[in-house]
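You asked for a reader's note on this entry, written for someone who has not met it before. The points below can be read in order beside the coordinates.

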Amino acid sequence: MLLDRSFNVKTDDLTATIVDEETLRSIERFIFKEARLLDSWKFWEWDKLFTDDGMYWVPQKHNQVNPFDHISLFWENRMLRETRIRRVENARNWSQQPQTQTAHLVGNVCIEGLDADDFLVVSASFQATEWRLDQRQLAGRYTYKLIGNKVDGWKIKLKRVDLVNCNDVFANLEVFV
Amino acid sequence: MIPTNEQISDLIREDSVHKSVYTDPVLFQLEMERIYGHAWIYVGHESQVKNPGDYHTTRIGDQDVVMVRAPNGQVNVHYNRCPHKGAKLVADGDGNVGKFFRCPYHAWTFKLDGSHLSAPLKSGFEGTCYDPKHPDFSMVSVARVDSYRGFVFASQASYGEDLKTFLGGVVTSIDNMCDRSPVGELEVAGGIFRVQQRSNWKVFYENLHDTMHARVTHESSVDAAREEAEAIGEMPFELLIMDGNGEPYDFWEKLELRAYHNGHGYMEAIFDPGAAERDEVSRAHFECLSEAYGADRARDIMGMNRHNTVIYGSGSPHTVFMQFRVIRPVSVDKTMVEIQTFRCKGAPDVVFDRALTYANVINSPSSNVMPDDVEVYARCQEGNMTRGGSWISMHRYVGTDKVLEDGAVSTNGTSELPMRNQFAAWKKFMTGTIIAKESNNVA
C-alpha cells in the first residue's frame with residue numbers, strides 16, 4: 001500500500017543549516033534542470049532524479065500535514081510515476097491529443113534546513129503555464145527533500161508541490177506539475 | 001420558446017435520443033425546473049454537519065443551498081439567500097455559523113431552522129409591513145428534506161413520492177455501503193475532490209453503466225498499468241484498479257444491469273463468495289464484520305460486488321471502495337463532480353486507507369483513468385454541435401430486457417438498457433407526467 005506512514009513527509013521543525021555559495025548554486029541548477037526536463041517531456045530522465053523510494057506529492061489541502069488521512073492531488077512513488085509516463089506516451093491516450101505543453105518558471109530558492117533524517121529541505125516558488133486546448137496557470141511553492149552534495153549531485157527524496165488553488169475545482173491534471 | 005410536451009416526447013425514441021437533449025440551453029433550463037426542481041437530490045451526508053451550527057453548501061441543480069445542523073439535531077436545507085437584499089448568507093464551503101445565521105451585509109439574523117430572529121434598529125420598520133413572523137422575512141427552506149441511513153436528500157417540490165419510494169431498488173446499494181461498517185454507519189472523511197467535465201451532465205450518467213467503452217476508451221491506462229506490472233513483477237492494488245477496464249468483452253457480457261424507475265440502477269457483478277478473503281485488507285474487514293454480524297452475513301455483505309450504482313440526478317456511489325461521485329450540472333456543456341470518500345465507522349483503518357488510495361488513484365483530477373473519459377465526453381459534446389447527424393444510438397439489446405414490476409434487468413451486460421431507462425425517466429420528468437400525476441393526487 002502507498003500509505004506507508006513510516007515515510008517522513010515533515011518539512012517543518014527543521015534544524016538550521018548554512019550552505020556555501022557553490023552548494024546553493026548546484027541546488028539551483030538541479031532545480032532548474034528538473035523543470036527543464038518536465039517542460040521537454042523527458043519524464044523518464046526526470047523520474048531518475050528521485051531516490052528509489054522518493055515520493056512526488058501534491059497536497060489537496062492548504063497546509064496539509066500528511067498524505068495518509070487526507071486525499072492528495074498526487075501521491076506517487078516510482079511505480080505510479082512510471083505508470084503515468086507510460087500512459088501519456090501511449091498512442092491511444094485520447095486525452096493527450098494534442099498533448100499538454102508546459103513552461104515552468106522557478107525562483108526564490110531558499111535553503112530551509114535539515115529534517116530529522118538529515119535530508120536538506122529546499123523550497124522554491126514556481127509558475128507553470130500549461131496548455132492543452134485551453135491555457136491555465138498553475139502556481140505555488142515546491143518543497144524538496146534532497147540528498148547529495150555539490151560534487152556528486154542531488155537526488156529527490158520528496159518533492160512537495162503546494163498549489164495556491166489546491167482545493168479548487170480542477171480540470172484533469174495529466175502531467176507532473 | 002419553451003417546447004411543448006409533444007416536442008419533448010419526440011426527442012426520445014425507444015432506441016435513440018435527439019442530440020439536442022445534450023446541447024440545447026433551453027432544455028437545460030427546463031431540466032433545472034422539471035427534474036432538479038422535483039426529484040430527490042443528494043445534498044450531503046449527515047457526518048458533514050456533525051454539530052449544531054455546522055453547515056455545508058452545495059447546489060441542487062442551479063440552486064445554491066446550505067445544509068445545516070439545528071440545535072435539536074435535525075438537518076435542515078435552506079436556499080443560501082438572505083430575504084433582505086438576497087445576499088448568500090454563508091460563503092461556499094463548510095463551517096459553523098454558531099447559534100444563528102448572520103448576514104454579512106446588514107446583520108439580519110436567522111435561526112438554524114431558517115426563521116427570522118432579528119434585524120438591527122427596528123424603529124425603522126415601524127408603520128411598515130415588516131413582520132418577523134411572515135415568511136417573506138425568513139430564509140426559505142427547500143420543500144422536503146429526508147435522509148436515508150445518513151444520506152441527506154432534498155426535493156424542491158412539496159408533493160410527490162417519498163424518498164424511499166423514489167429511490168426504489170437502489171437503496172440496497174446504500175444499505176450495502178453502510179453495512180460494511182460493523183455499526184452500520186459511515187462518515188465522509190479525508191476531503192472531497194472536485195473535477196470539471198466539459199460535457200452535459202447526462203453523458204456521465206450514461207457512461208457509468210456503459211460496459212462497451214471500458215477497454216476502448218481506457219486503453220492507455222490499461223496498457224500502462226499492465227506494462228508497469230510486467231516491469232516490476234507484480235500487480236498491486238493501485239495497478240489492479242486500472243487494469244480492470246481491460247477485461248475482454250465476454251467479461252462485460254456476463255454482468256447484470258439492473259434498472260429501476262426514475263432512472264436509477266446498478267451494475268451487478270456475479271456474487272463473489274471469495275471477496276471476503278481475497279487480500280489482507282478484505283480479510284481484516286471480514287473478520288471485523290463477522291464479529292458484528294456473524295460470518296454468513298459478513299460474507300453476504302462483502303460478496304455483494306456492485307460496480308457503479310446510479311442514483312439519477314444525484315450521482316454514483318461505489319459501494320466496494322466507499323466513494324460517492326456526486327454529479328452537479330453547471331451548464332448545458334459543463335458538469336462538476338464532487339468525489340466523497342467514506343470511512344466505515346468501526347472498521348479497521350486499512351479499509352479507509354484503501355478507500356483513500358482508490359480516491360487518489362482513480363478519482364483525483366490527476367487520475368490516469370478519468371481524463372480519457374472526460375475527453376470522450378467532451379468530444380460527444382463537440383461532435384453533437386455539428387450538422388453531421390441528429391440522433392444518438394442506444395440500440396444495443398433493445399427489446400430483450402426483462403421487464404420487472406419495479407424496472408427491468410438486462411439479458412446481456414453490454415445492453416444499453418441503463419441509457420434507455422434514464423431517458424424514460426427524463427421524458428417523464430420533462431413532460432411533467434410525474435409532476436402532474438402527483439400534484440393531482442395531492443390536490
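**Notes on a predicted two-chain model**

1. Chain B has a secondary structure that comes to 16 helices and 22 strands. Its radius of gyration is 23 Å, close to the 22 Å that the globule rule gives for 443 residues, so chain B is as compact as a globular protein of that length. Measured out along the principal axes, the C-alpha trace of chain B spans about 80 × 55 × 40 Å. Please keep in mind throughout that this is a predicted model.

2. Chain A holds three helices and six strands, and from the N terminus on these elements follow the order α-α-β-β-α-β-β-β-β. For chain A the radius of gyration is 16 Å, close to the 16 Å that the globule rule gives for 177 residues, so this chain too is as compact as a globular protein of its length. The C-alpha atoms of chain A fill a box of roughly 45 × 35 × 30 Å when the principal axes are used.

3. Where the two chains meet, 30 residues of chain A are in contact with 36 residues of chain B. On the side of chain A that touches chain B, β2 (72-76) and α3 (78-89) of chain A each supply at least two residues, and α3(A) gives the most, with seven residues. Sorted by class, that side of chain A has 14 nonpolar, eight polar and eight charged residues.

4. Which helix of chain B does α3(A) cross at roughly 135 degrees? The partner is helix α8 (residues 219-232) of chain B, and the two axes come within 8 Å. Because angles over 145 degrees would count as roughly antiparallel and those from 65 to 115 as roughly perpendicular, this crossing makes α3(A) oblique to α8(B). The crossing in which α3(A) passes α8(B) is right-handed.

5. The residues behind this helix pair can be listed from both chains. From α3(A) come Met79(A), Glu82(A), Thr83(A), Arg86(A) and Arg87(A), and they meet Ser220(B), Ser221(B), Ala224(B), Ala225(B), Glu227(B), Glu228(B) and Ile232(B) in α8(B). The residues of this contact divide into four nonpolar, three polar and five charged.

6. A second helix pair lies within chain B, where helix α11 (residues 280-293) and helix α13 (residues 349-363) of chain B pack at an angle of about 135 degrees, with their axes 9 Å apart. That angle makes α11(B) oblique to α13(B), and α11(B) passes α13(B) in a left-handed crossing. In this contact Val281(B), Ala284(B) and His285(B) of α11(B) meet Val350(B), Val351(B) and Arg354(B) of α13(B), and the classes are four nonpolar, one polar and one charged.

7. Turning to the sheets of chain B, three strands form an open sheet in the order β2-β11-β10 (chain B), with antiparallel pairing. The edges are held by β2 (41-45) and β10 (144-148) of chain B, each with a single partner strand, so one side of each is left without a neighbour in the sheet. From one strand to the next the twist averages 30 degrees. Four bridges join β2(B) to the antiparallel strand β11 (residues 151-155) of chain B, and Gly44(B) stands opposite Val152(B) in β11(B).

8. Another open sheet of chain B has four strands in the order β5-β4-β3-β6 (chain B), again with antiparallel pairing. Here β5 (75-79) and β6 (94-96) of chain B stand at the edges with a single partner strand each, so that one side of each is left without a neighbour in the sheet; the twist averages 30 degrees from one strand to the next. Within this sheet, six bridges join strand β3 (residues 54-60) to strand β4 (residues 63-69) of chain B, which run antiparallel, and Arg59(B) stands opposite Asp64(B) in β4(B).

9. Two details of the backbone deserve a look, one in each chain. In chain A, a cis peptide bond joins Gln97(A) and Pro98(A), with omega about 0 degrees, and Pro98(A) is found in the loop between α3 and β3 (101-114) of chain A. In chain B, Leu121(B) has a phi near 55 degrees, a positive value in a residue other than glycine, and Leu121(B) lies in the loop between β9 (116-118) and β10 of chain B.

Notes:
Residues are numbered from 1 along each chain as its sequence is written. Chains are lettered from A and ligands numbered from 1 in the order in which they are written. This is a predicted model: local features need pLDDT of at least 70, side-chain atom pairs count only at pLDDT 80 or more; totals for chains, interfaces and linings use all residues. Two residues are in contact if their C-beta atoms, placed from the backbone, lie within 7 Å. Ala, Val, Leu, Ile, Met, Phe, Trp, Tyr, Cys and Pro count as nonpolar, Asp, Glu, Lys and Arg as charged, and the others, Gly among them, as polar. Axes are lines fitted to C-alpha atoms, for helices over the stretch in contact, and angles run from 0 to 180 degrees between N-to-C directions. Angles under 35 degrees count as roughly parallel, over 145 as roughly antiparallel, 65 to 115 as roughly perpendicular and the rest as oblique. A crossing is left-handed if the near helix is turned anticlockwise from the far one by less than a right angle, and right-handed if clockwise. Two strands pair if DSSP finds at least two bridges between them. The radius of gyration is taken over C-alpha atoms; the globule rule is 2.2 Å times the number of residues to the power 0.38.
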